[in-house]
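Have a look at the structure below and turn it around a few times. We'll go through it piece by piece, at an easy pace.

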Amino acid sequence: MRVWRVIEPYIGFLLQGFALTIFACLLAIIGAVILGGIVASMRASQRSALRWVAHAYSDIFRNVPFLVQLFFLFYGLPELGIYIGAFETGVIALSLAGGAFVSDVILSGIRSIDRGVIEAARVSGLNDVKVFLRIVLPIALRVSVRPVGSVLINLVLTSSILSTITVNELTGVAKIVAAETFKPFEVYAVLLVLYASFTTALSLAIVAWHRRLNRFMTGA
Amino acid sequence: MIRIKDLVKTFDDSTVLDGVTLDVNAGEIVTVLGASGSGKSTLIRCINGLERPSGGTITVDGNDVTTKAGLAASRRISATVFQLFNLYPHMTALGNITLAPVEVLGKSKAEAEEQARALLAKVGLAGHADKYPQQLSGGQRQRVGICRALAMQPRYILLDEVTSALDPETTGEVLDILQKLATEATTMVFVTHEVAFARSISTRIVFMEAGKLLVDMPTEEFFAENGGLAVPRIRQFLSQIRKD
Ligand SMILES: Nc1ncnc2c1ncn2[C@@H]1O[C@H](COP(=O)(O)OP(=O)(O)OP(=O)(O)O)[C@@H](O)[C@H]1O
Ligand SMILES: [Mg+2]
């Protein structure tokens, strides 16, 4: 095995990078889903100020290349007197970008909810916050699991860009190994397998979760 | 008592309710009849606060439903059953029924569940507590919808064509339950096209025509030759319904 002979000495290093990728992505997935849920609720809110802020956020982060966002935070935060590591900056940037797209998906989930169901909850005396938390959001999340999943898979793919700000995640360590061995093909072949197995695992998890949540729901 | 005075509701420039005045006293069962588009649903939706009146007043036991506090108070003592059930699709029958008692009335979960199970048993759904709406038939869903309303122990129940989405057989199941309720001194405002049933349970009948109350009569008088039937519009309406 040609690939294995090249990779063997570096396998520990590569797996370290892979572990960092998984760690960064899991944190960013949590961040993006929470942020996306909050921003979607703001965008669905009655208050125009909240709607405006949320729109501005999602428009900006959906319409600027991720690399630019990342550099902006990496070089910009210190200018503002905020000193955090490259890893933290990367996780924040991924969460912000992912959150903008997640909010889109959850918002369309919210808009697809049957008005009558919401009216039933309001008439039963639940206040607006409780209607949102107990009825609107849970239903929207259920119908949004799959499209949110695609956003999250994209987030994993995008995480490779963190290598540009010195985060030694999978792509970052691969660059180093490729440079040392002069065998980029073998290195990136391994990378391909690792990324594909991560995203496949993630999408299987999403499908399973979708099934579970929507066991008894129609139209989802 | 539900007091509606000079209620006006306009959408854009069409007047849907045009000066409706109606009192519903405790213990009464008032049926609202009228042609499609006459404003029956809008009337119900103004009482439960889903639509905001354009003019006039509505109070439920003195609580003005156009104020936030008044509406909250009124929703604690009244409940609505909907034509299309409007069950929460992500909750079991039990979850649907216990949500408001726990969240609004502050009951403990155990207490609310015990009460919900008793209600389900009463409507013949004892074995279905843990089923989701999707797993229930239309008639079963509407029975859950009725339990959800009853769980609030409301003084007033508003029902808007609660059997129109059901086939004749299941309509019977639901009407039987309403019949039982009627004997338990629950106050109801009942919009329906089931004239025969309305006749058997209502204490009063109001007839709406183009946003106005054409007549408001005790049931017996409404169906008397020299009462409601003497009004040409009502005679025409009833003969049409019988034909269907
Ligand atoms: N949200 C709305 N916007 C505009 N017009 C409306 C709205 N809701 C109701 N209307 C209009 O108000 C009129 C009365 O409607 P409503 O639903 O109260 O009638 P209804 O007596 O309940 O009829 P049906 O027997 O068909 O249920 C109709 O002409 C309807 O088109
Ligand atoms: Mg109607």
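## Two domains in chain B

In this predicted model, the C-alpha centres of domain 1 and domain 2 of chain B sit 25 Å apart. If you want to find them in the sequence, domain 1 of chain B covers 2-77 plus 155-243, while domain 2 of chain B covers 91-154. Where they touch, domain 1 of chain B puts in 17 residues and domain 2 of chain B puts in 14 residues.

How much area do domain 1 and domain 2 of chain B bury between them? It comes to about 1200 Å², with 67% of that on carbon and sulfur atoms. There's some charge pairing here too: 2 salt bridges are counted between domain 1 and domain 2 of chain B. Elsewhere in your viewer, try picking out B:Glu184 and B:Lys122, which form a salt bridge whose closest N and O atoms are 3.2 Å apart.

## Where chain B meets chain A

Now let's bring in the other chain. The size of an interface is often given as the accessible area lost when the parts come together. For chain B and chain A, the buried area is about 2000 Å², and carbon and sulfur atoms give 63% of it.

On the chain B side, 22 residues are in contact, and they touch 21 residues of chain A. Between chain B and chain A, 3 salt bridges are counted. You can look up a salt bridge between the side chains of B:Glu103 and A:Arg134, with 2.5 Å from N to O.

## Chain A on its own

What secondary structure does chain A have? The count is 9 helices and 0 strands, so reading from the N terminus you just get α-α-α-α-α-α-α-α-α. The C-alpha atoms of chain A fill a box of roughly 70 × 45 × 20 Å along the principal axes.

Chain A has 220 residues, and 46% of them count as buried. Take the contacts in chain A between residues at least 6 apart in sequence: 75% of these join residues at least 24 apart. As for the outside, the accessible surface of chain A is about 11300 Å², and 67% of that belongs to carbon and sulfur atoms.

## A nonpolar patch on chain A

One more spot to check out: A:Leu80, A:Ile82, A:Ile84 and A:Ile92 make up a nonpolar patch on the surface. Together they have about 360 Å² of accessible area.

Let's zoom in on A:Ile92, which belongs to helix H5 (residues 86-111) of chain A. Why can A:Ile92 be part of a patch? Patch residues need over 30% relative accessible area, and A:Ile92 makes the cut because its value is 38%, which leaves it partly exposed.

Notes. Residues are numbered from 1 along each chain as its sequence is written. Chains are lettered from A and ligands numbered from 1 in the order in which they are written. This is a predicted model: local features need pLDDT of at least 70, side-chain atom pairs count only at pLDDT 80 or more; totals for chains, interfaces and linings use all residues. Side-chain values use heavy atoms; hydrogens and water are left out. Patches are made of residues with over 30% relative accessible area and no salt bridge: like charges are joined within 9 Å, nonpolar side chains (Val, Leu, Ile, Met, Phe, Trp, Tyr) within 5 Å. Accessible areas come from the Shrake-Rupley method with a 1.4 Å probe; for residues, only the protein chains shown count as cover. A salt bridge is a side-chain nitrogen of Lys or Arg within 4 Å of a carboxyl oxygen of Asp or Glu. Helices (H or I, at least four residues) and strands (E, at least two) are DSSP runs, numbered from the N terminus. Buried means under 20% relative accessible area, exposed over 50%, partly exposed in between (1.4 Å probe, protein chains only). Domain bounds come from an automatic or database domain assignment. Contact means heavy atoms within 4.5 Å. Buried area is the accessible area (1.4 Å probe) that two parts lose on being put together, summed over both.
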